Structures are given as C-alpha cells and as structure tokens.
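Trainee: I should like to go through this structure and ask how each term is justified. May we begin with the contacts between chains?

Mentor: Certainly; let us look at it together.

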Amino acid sequence: MKQVEKMTIIKHRCIAENIYELTLQGELVQSIEEPGQFVHLRVDNGYETLIRRPISLANVNKKAKECTLIYRVEGEGTTRLSLKCVGDRVDVLGPLGHGFPLAAASSGGRALLVGGGVGVPPLYYLSKALKQRGIQVTHVLGFASSAVAFYEEEFRALGPTYLASVDGSIGSQGFVTDVIRKENLAADVIYACGPTPMLKALEVSCPDQPLYLSLEERMACGIGACMACVCHTQTDPEGSSYKKICKDGPVFKAGEVVLG
Amino acid sequence: MNETTEVSLKVDLPGLPMKNPIMPASGCFAFGQEYADFYDLNQLGAIAIKAATREPRFGNPTPRVAETRAGMLNAIGLQNPGVDHIMAHELRWLERYETPILANIAGSTIEDYLYVAEKLSQDARVGALELNISCPNVKEGGIAFGTVPDVAASLTEKVKAVSEKPVYVKLSPNIADIVTMAKAVEQAGADGLSMINTLLGMRMDIKTMKPILANKMGGLSGPAIKPVAIRMIYQVSQAVSIPIIGMGGIQSVDDCLEFLMAGASAVAIGTANFVDPFICPKIIADLPQRLEALKLSTIEDLVGRSWKTCVTV
C-alpha cells in the first residue's frame, strides 16, 4: 500500500561524478512489492522546489527497513537533495507503480539486464531478486564515460557484466546494443531501463524474446491523477487510448506502448 | 458570541450542499479513484472532477509539466475519456460516496459545450456544472470563450438553457478586466463563479534552448499565483452577488482563510494534491481550530470579511 512517510537518511554519498547513493530507513520499505517500482521524494518542505521527484529503487533491505536510491544531480531539486545529511528526514511517497515481472523468467533460466546511465540503478535490485529465484543474470551497462559509471563491482558479484561507454573510457566503446550483438548475448527474457533511444534500439534489435522496458517521464502527482506522464499505446498510436507511466508502468512489455 | 457554540464548517452553494468549504480542483484529482487509496472521499466538501469533452481526448504531447519557482506549469490538454465514458464509469464509481460533484465541462464549439452540459446535468450524481472557458492549453477551444465577455456571456446563457443543474463559470486570469467578465456571466445567468484558472506561462530548457513543455506554453499554478487569485476574488466578490469558489495556490488552512476573507464562499485545492495527497483532509481537520482562534463559528462569518462592513461579534 502506498503511503507518505518522513524517512530517515542512513547513508548518503557521492559514488561517481554527480551521482549520489542515498539510503533511507522507514516503514514504507515493507510495502515495496517488486523491483522497478519507484518512490516520489519531496526535497523541501518550502516552496522552492514544489513538485516531488520520482526516483527508482536500487536496493531494498526489508529486514533493516532500508531502501537505497541512486540519482544524478541534474537540476535544483536534486542539487538540494544532494546537500542532505545522515539523520535528516525526507518526505517520501511510495512505493509507486508496477515494476519488472520476476515471473517472466523461470528458475534456471537466463535473464539479460540492460541499463543506461541513471537507468542502471533499478536493475541492481532486479538482478538480486532474480538471482535469489535461481535465475542466471547477465548485465550490460552503458555509461557516458568512466567518470559517471557506478556499481560495476556490485553487478559483477551477481553475474557476468559487460560495460559500454560512449567515449570508450570504460568497457567497450559504443552502445549497449553493440555489446549485445558483439558478444552474441542470448537470454530467455530481457529487462531494460535507460534513455528512450536505448529502449527503442532494444525493441528493434531484440524482437524474439520477451522484453520489459522501464520508462521515464516528467511527473507531477506520481499516482495517476494529473495525466502528466501518459503515452500512446501501440495498438492505437494516434488515438485516445493511453497508459500512465507512473501508475500503469513505469515497466511495460515491449510493444505495449509507443516510446516517446 | 456564545463561546460554547460548535464551529460549523457547512457551506451551502447552488447544487452543492457542502459539509465543509474544501474541494479538490478540477484536473488535479482526476475522478477521485487515485485519492481514494489515501482517504475516504466522503470527508470532502465536494469534488470537482476532471473536464469532460464530447469525444475522448488524448491531450498534448509530453513533456506536459514543468516545475517553476513555487509553482508548476502544465499543458495536459484536457485529456479525458469523453462524456459518455465518464457517465458510464467514473460517475458510477463515485456513487459509493455522498460528496456532491461539480462536473467540469469543456469544448471547442458551442455545440460541444451544449451536448456535454445537457448530458452531464441529467446525471443524478452531478450536483452542478463548472463551465471551463479558461483552459489555456487547448488551441481551438476553452480560453477562446473566456477572454471576450460577450462571447462568455452568450455561451453561459446557452448552457444555462440546456442544463438541469446550477452552472458555475470558471474564469481565466489571462484577461485585462476580470470584473467586467464576472458581471457579464452573472448577467447571463451563472449560478456561481470558479476562479482562478491558471496563468499562461513558459519555461526554457537551458540544455536544448527550447521550451520545456511540448506545447511550449502552459498554465501556471501553485503558491506563486495565490496573490493574483486573492486580488481577483476581492475585486469580483464585491461586484457580483453569486458565490465564488476560490482557487489558486492554496497549500494550508491559512491560505484557505485568506481566500474566504477575500470573498470566496468555498475553496478548491489544486496543485497541492500533487505535493501531498492528504492535503484536503489535513486542511479540513485544521479548520475548526483556526475558526475558533479567530472567534468565528461559521464559514459564512468569514466570507468577504476583508471588505464587508465590520459586524461586531
């Protein structure tokens, strides 16, 4: 059940250039159902940054009532968030949305997890959950450069991990789709989160496997009321049918919605 | 004044017998279902549901929202499933609650408005209509009817003629003289006013050097517009005799009191629902204590207090 809670910051550190890892503690963690869900953070109690920020869950520890978020400092809200200290409390609305279907991969099967930039974090929580279910996980992670890359070791501890970067400063030079092709990576199911061009490229290049994509859009309410984050469906691409990324998603099966 | 008198939050508006003066604003609450996950909607004074149009509308491309200092811009574009769907599904779902419904209607032609108004006004679940002539985000309609007093008055008159329920007209702040507009729609038969809709605004993306919103322009809401709303309600409430539902950046019980003092008879909460899903019940819970502190026993006592001749209590 989604709720609003002032969660306490347990850990907050910079893990790459402008990339922060934030661990929060609170009861809300018990309600998290699946990887790919997100939380909606209110950075200030004042009016400087009014609207909440949607941030994905990179890790969840229900026993310790802790969840970890990884975000990039992008604008005013995330800049202010990055200044918060251990012990501070953050107003969190969540958990929100529908995540990655773990049941799409069966025990003993193989899953390929493809992430780009700040789309990488939810795949860590997903990978841990899949591994726990006896699924072999392989990761392909794309970053702009080595300066903004993170969690390489964490992913390697779970399964084979390939890196790609736009400038070649870490892993192979190029895009995640280049790596998949070059390494001939096959899987029973593919899960992805990252920039829309990456998701589009995957939809085109991996038509034969079940593919699940986590989408991103500017949101206001995060619960399906404001209609800010809607997208067209592929069966009615010009019409009035739609899906809400915050409520029906953020994870959709490839072919379900039109990628912006 | 009798110190032991219970504070009454009741507000009786045309078509809307409200147990308190708080309602969520149209477009900021969808049709209530998302917020019913958080609290019992029977706590609300009324519910203004999202605008209905004749045909289903997808609305504008995304991005549809952008944050601003103490506010936000939106250009949703009146996305809704169409009046038939709303009457068959959303309003039927709302039958589980007793809260009066203010049904917002929009259109791009007079015929569209009349079609939607006639249908919705016949729905037993609808208490009153809110005529949206002030949506800044739809090219061909909405605001086209809301900037010229004669045009707004003519539409109001026609909608009144087909409607079986009271009609509130939602006014745009994007005009030079709000009082002339308010008087024109009052004369045309409006039973009440809703004010204000959003202020037309823009933001640029520093990286792309283009507008952030796909629609380029959008409606500004949130605390940033509160003083504009209060000023307009102060002016209009002294010039008309129909009740005003006040809105524009309300975030707290004291914001709500300011609107009432300015001349609103009830208030609507918009953007704040996105920040705090519990904002409406929180303000309702805070009201009795604030009224008591001000030595007031009814909401009515506060309406227009800023300009009414002071009555000794």
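Mentor: A polar contact is a pair of N or O atoms within 3.5 Å, and within protein one must be able to donate a hydrogen and the other to accept it. The model before us is predicted. By that rule, 12 residue pairs are in polar contact across the interface of chain A and chain B, both residues of each pair being at pLDDT 80 or more.

Trainee: Which strands of chain A supply at least two residues each of the side that touches chain B?

Mentor: They are strand 13 (230-232) and strand 14 of chain A. Strand 13 of chain A gives the most, with three residues. By class, this side of chain A has 17 nonpolar, six polar and 11 charged residues.

Trainee: What makes Lys2(A) and Asp37(B) a salt bridge?

Mentor: The closest N and O atoms of Lys2(A) and Asp37(B) are 2.8 Å apart. The rule asks for a side-chain nitrogen of Lys or Arg within 4 Å of a carboxyl oxygen of Asp or Glu. The pair therefore counts as a salt bridge. Between chain A and chain B the count is seven salt bridges.

Trainee: How many residues of each chain are in contact with the other, and what does contact mean here?

Mentor: Contact means heavy atoms within 4.5 Å. On that basis, 34 residues of chain A are in contact with 36 residues of chain B. The two chains bury about 2,900 Å² between them, with 61% of it on carbon and sulfur atoms. In chain A, the residues that lose the most area to chain B are Tyr47(A), Leu50(A) and Arg218(A), together 21% of what that side buries.

Trainee: Why is the space of about 500 Å³ called a cavity?

Mentor: It is called a cavity because a 1.4 Å probe fits there but cannot get out. A search of the whole structure finds one cavity of 30 Å³ or more. The largest cavity is lined by 36 residues, and Ser26(B), Cys28(B), Asn74(B), Asn197(B) and Thr198(B) lie nearest its centre. Elements of chain B that each supply at least two lining residues include strand 4 (47-52) and helix 8 (272-275). This lining has 19 nonpolar, 15 polar and two charged residues.

Trainee: What makes the second largest pocket a pocket, and which residues lie nearest its centre?

Mentor: A pocket is an open set of points, whereas from a cavity the probe cannot get out. The second largest pocket has a volume of about 320 Å³. Of its 18 lining residues, Tyr242(A), Lys244(A), Phe31(B), Pro81(B) and Glu90(B) lie nearest the centre. Strand 14 (242-244) of chain A, together with helix 1 (33-36) and helix 2 (83-93) of chain B, give two or more residues to the lining. The lining divides into six nonpolar, six polar and six charged residues.

Trainee: Why are certain peptide bonds and phi values worth noting?

Mentor: They are noted because most peptide bonds are trans, and most residues other than glycine have a negative phi. The bond from Gly94(A) to Pro95(A) is cis, with omega near -10°, and Pro95(A) is in strand 6 (residues 89-96) of chain A. Another cis peptide bond joins Met195(B) and Ile196(B), with omega about 15°. Asn184(A) is not a glycine, yet has a positive phi of about 55°. Asn184(A) is placed in the loop between helix 4 (176-182) and strand 11 (189-193) of chain A.

Note on methods: Residues numbered from 1 in each chain as written. Chains lettered and ligands numbered in written order. Predicted model: local features only at pLDDT ≥ 70, side-chain atom pairs only at ≥ 80, totals over all residues. Heavy atoms only, no water. 1 Å grid on protein atoms, 1.4 Å probe; cavity = no way out; pocket = protein on both sides within 12 Å on 5 of 7 lines; lining within 4 Å. Points joined across faces, edges and corners; volume = space filled by probe spheres on them. Helix = DSSP H or I, 4+ residues; strand = E, 2+ residues; numbered from the N terminus. Nonpolar A, V, L, I, M, F, W, Y, C, P; charged D, E, K, R; others polar. Buried area = accessible area lost by both parts, 1.4 Å probe. Polar contact = N/O pair within 3.5 Å; in protein donor to acceptor, adjacent residues only side chain to side chain.
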